[in-house]
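Colleague: Hi! Could you walk me through this model?
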Amino acid sequence: MKKSFLPYIVFAVLWHYGCSSTVTFDQQSVRRQIPLSETEEIIGTLASDDMKGRDTKSGGYYKAAAYVIDYFKAHNIQPFYPEYKDSLVTDSLLSYNVVGHIGPFLPHRKTVLIGAHLDHIGIKGSVGDTLYNGANDNASGSTAALQIGAFLAQHTWEQNIVISLFADEEKGLKGAEHLAERMKKENVKLDYLVNFEMLGTVLTTGENQVYLTGYEHSNMAEVFNAVSPNFVQFLPEAKAYNLFKRSDNYPFAKTFGVAAQTFATFDFKNYDHYHGAEDEVENLDLENLNAVIGTAAYSLAVILQNKTPIIWNQKEEAEQ
Ligand SMILES: [Zn+2]
């Protein structure tokens, strides 16, 4: 080898190993960077009476969306669409998904989407507590998407990372359907979607655990558990009730044929207030929520850094 090639080889090696990811993530330090106080502040704000149940009819949804946009701006998450808004009309009311991305968005790269639905069911009835704050459903998942997004935004990734807070989930997954179709038309190369729903109570199998919908249809659980052992569980009820098709992950699985799945802790035994007026922050375990968010952020960081493939088993999906 001629000596004159050496600088180029050194450059190439540094380019390959030096530019991408020199950070080594460790669970404790990632967890420390996602403080409980911030978890409490975000979920407390999103589930406050001021947000009027985060519905477009009550008007609260727009307040919640404005809060998310401010959070994105404060944490270096860039607008994926103008003003972060992917607009749609549901039941004659204007609505929008709030969509941001981390680092540059390069069309040729694979895209990883992190999501949660922001909307809830608003105001119902006229007697007693008429405000449905939806602390667990889904201020908890929204808090996870925001804090994980803010953490990931502090680092450089070789994938496109998009964070979406979905609109109109409660009206039939309308926001997610809209975004999935739009991204498909725009040729976004979706690699996988990680969605967060109802994480505010402790899963019956143990603290700091979640279950995954569509568990057996991809290697997602296995991949997360390889980083954080026992974090992701199989919930028989999730399969029996086909929860895989009941949240914002589903339109992406259907449209793109990739692993698009939901992490949750609501297991039908650990919360009595599903779609009730008592779905309030006081009834949740925020320490456990914070632990779950930290563990998910750490696991995802390692998976993204290692570019671990998350593979969808289409055949099994078709058999459902
Ligand atoms: Zn929900």
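Modeller: Sure, let's begin with the strands (DSSP E runs of at least two residues, numbered from the N terminus). Strand β4 (residues 111-117) and β6 are joined by 5 bridges and run parallel; strands pair if DSSP finds at least two bridges between them. This is a predicted model, where local features need pLDDT of at least 70, side-chain atom pairs count only at pLDDT 80 or more, and totals for chains, interfaces and linings use all residues. Residues are numbered from 1 along each chain as its sequence is written.

Colleague: Cool! Which residue in β6 does Val-112 stand opposite?
Modeller: Val-112 stands opposite Tyr-192.

Colleague: And how many bridges join β6 to strand β9?
Modeller: There are 6 bridges between β6 and β9 (residues 259-264), which run parallel. In that pairing, Val-194 stands opposite Gln-261 of β9.

Colleague: How many residues of β6 are buried?
Modeller: In β6 (residues 190-197), 7 of the 8 residues are buried, so the strand is largely enclosed by the rest of the structure. Buried means 20 or more other C-beta atoms, placed from the backbone, lie within 10 Å of the residue's own.

Colleague: Switching to helices: at what angle do α3 and α5 pack?
Modeller: Helices here are DSSP H or I runs of at least four residues. α3 (residues 36-46) and α5 (residues 135-152) pack at about 135 degrees, with axes 9 Å apart. Axes are lines fitted to C-alpha atoms over the stretch in contact, and angles run from 0 to 180 degrees between N-to-C directions.

How values were computed:
Buried ≥ 20, exposed ≤ 12 C-beta atoms within 10 Å, placed from the backbone.
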